[in-house]
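Work through the exercises below with the model open. Each has a task and a stepwise solution.

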Amino acid sequence: MNLKNDLLLRAARGEKTERTPVWMMRQAGRILPEYRAVREKAGSFITLATTPEMAAEVTLQPVDILGVDAAIIFSDILVIPEAMGLPYEMIEQRGPVFPKTIHTTQELDKLHVAEPETDLKYVLDAIKLTKQGLGGRVPLIGFAGAPFTIFCYMTEGKGSKTFSIAKRHLYADPEFSHLLLQKITDSTIAYFKAQITAGADLVQIFDSWAGILSPEQYKIFSLPYIKQICDAISEVPVTVFAKGAFFARQEIGELNCSVVGLDWNMDIAESRQLIPEKTLQGNLDPCVLYASYDQIRIEVKNMLHQFGTQHYIANLGHGVYPDTDPDKVRCFIEAVKEFSC
């Protein structure tokens, strides 16, 4: 199907665009009352994420309501460990929790490499339904967590400020760590391949906890596995977003990916110098959207001036926060469109 709006894909491939494409991480979520209505109907986050019709509905909402240049499938990075045999729960006001965690090779042996066509069929069905609903209006982004970020949750069991349990494994049992990271990597590659077959036009790797590692550890326990994924995916553009990994920007830029996402702490000019051959994505501080409309427009104009309007995808430096006013989000999107033409 030919896309009516292919700005995102052209920008990802480094091609010339009439204006800068714009979308936001977590755009399909609690900022929209329409999402909250579907979420209430579902009764739980996991029910919503695993019901293809509902997941497709909330994926489409930001395209219809906010005017973004891409949809991103509504799902969660933790579907991979669940598909491997380690289920999780989503606790209100607390976040994801794993009743069981993995700490030994014996426990690891009980897990399997995910088989997306069976273990994650609900995500693939949601992608297919979303593609039908989009009707070629904009591209659809698929995503997965980076192996190290998934490793953190599988060993720690929940979110953490330090992920000290996860990091302990890296130092105390590197052999176990590499075995688990490889099994996650193999699952993720299969998952991305299945997402692309189902209709994803681009995929993004989220390394949400990259910033807790030292530069040396990142080169050992994260980059090699992200590299495997990037090398395996040639069908569509790949974006790597490693939050907090300012120290690894040059190495990330050398990966076989098309786009490098920046968080709001990463200097734009320095990032352009370190990653000269890639399209960049980002990186407005999500808290800017709490400011006045005039201030949002000023910040967006300044961001575009620093990035330039080519080889660039406008986004926030992380996901939009759930208490953000949707009208402020619209202001951000409209300002990108206005100032990048």
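**Exercise 1. A helix pair**

At what angle do helix α9 and helix α10 pack, and how far apart are their axes?

Solution. The model is a predicted one.
- Step 1. Locate the helices: α9 covers residues 147–156 and α10 covers residues 164–172.
- Step 2. Read the geometry. The angle is about 110°, and the axes lie 8 Å apart.
- Step 3. Classify it. Angles of 65 to 115 degrees count as roughly perpendicular, and α9 and α10 are therefore roughly perpendicular to each other.
- Step 4. List the contact. From α9 come F148, F151, C152, T155 and E156; from α10 come S164, I165, A166, H169 and L170.
- Step 5. Sort the residues of this α9–α10 contact by class: six are nonpolar, three polar and one charged.

**Exercise 2. A second helix pair**

Find the angle between helix α4 and helix α8, then describe their crossing and contact.

Solution.
- Step 1. α4 spans residues 52–65 and α8 spans residues 121–134.
- Step 2. They pack at about 45°, with axes 8 Å apart. That makes α4 oblique to α8.
- Step 3. The crossing of α4 past α8 is right-handed.
- Step 4. α4 contributes P52, E53, A55, A56, T59, L60 and V63. α8 contributes Y122, D125, A126, L129, T130, G133 and L134.
- Step 5. The classes in the contact of α4 with α8 are nine nonpolar, three polar and two charged residues.

**Exercise 3. The sheet**

In what order do the seven strands of the open sheet run, and which strands stand at the edges?

Solution.
- Step 1. Trace the order: β1-β4-β5-β6-β7-β8-β9, with parallel pairing.
- Step 2. Find the edges. β1 (71–72) and β9 (312–316) each have a single partner strand, so one side of each lacks a neighbour in the sheet.
- Step 3. Check pairs at the β1 end. β1 and β4 are joined in parallel by two bridges, and I72 faces I141 in β4.
- Step 4. Move on to β4 and β5 (residues 202–207), a parallel pair with five bridges. Here G142 is opposite V203 in β5.
- Step 5. Turn to β7 (residues 259–261) and β8 (residues 279–284). Three bridges link them, again in the parallel sense. V259 is opposite T279 in β8.
- Step 6. Add a helix. α16 (residues 293–307) lies across β8 and β9, at about 155° to β8.

**Exercise 4. Strand β4**

How many of the six residues of β4 are buried, and which of them lie on each side?

Solution.
- Step 1. Count over residues 140–145. Six of the six are buried, so β4 is largely enclosed by the rest of the structure.
- Step 2. Recall the pattern: side chains in a regular strand alternate between the two faces of the sheet.
- Step 3. Split the strand. L140, G142 and A144 are on one side; I141, F143 and G145 are on the other. Both faces are covered.

**Exercise 5. Residue A242**

Is A242 buried or exposed?

Solution.
- Step 1. Place A242: it sits in strand β6 (residues 238–242).
- Step 2. Its relative accessibility is 2%. Buried means under 20%, so A242 counts as buried.
- Step 3. List its contacts beyond four places in sequence: D207, A210, Y218, I252, G261 and M266.
- Step 4. Take A210 from that list. A242 and A210 are 32 residues apart in sequence, with C-alpha atoms 5.7 Å apart.

Key
Residues are numbered from 1 along each chain as its sequence is written. This is a predicted model: local features need pLDDT of at least 70, side-chain atom pairs count only at pLDDT 80 or more; totals for chains, interfaces and linings use all residues. Side-chain values use heavy atoms; hydrogens and water are left out. Axes are lines fitted to C-alpha atoms, for helices over the stretch in contact, and angles run from 0 to 180 degrees between N-to-C directions. Helices (H or I, at least four residues) and strands (E, at least two) are DSSP runs, numbered from the N terminus. Angles under 35 degrees count as roughly parallel, over 145 as roughly antiparallel, 65 to 115 as roughly perpendicular and the rest as oblique. Contact means heavy atoms within 4.5 Å. Ala, Val, Leu, Ile, Met, Phe, Trp, Tyr, Cys and Pro count as nonpolar, Asp, Glu, Lys and Arg as charged, and the others, Gly among them, as polar. Two strands pair if DSSP finds at least two bridges between them. A crossing is left-handed if the near helix is turned anticlockwise from the far one by less than a right angle, and right-handed if clockwise. Buried means under 20% relative accessible area, exposed over 50%, partly exposed in between (1.4 Å probe, protein chains only).
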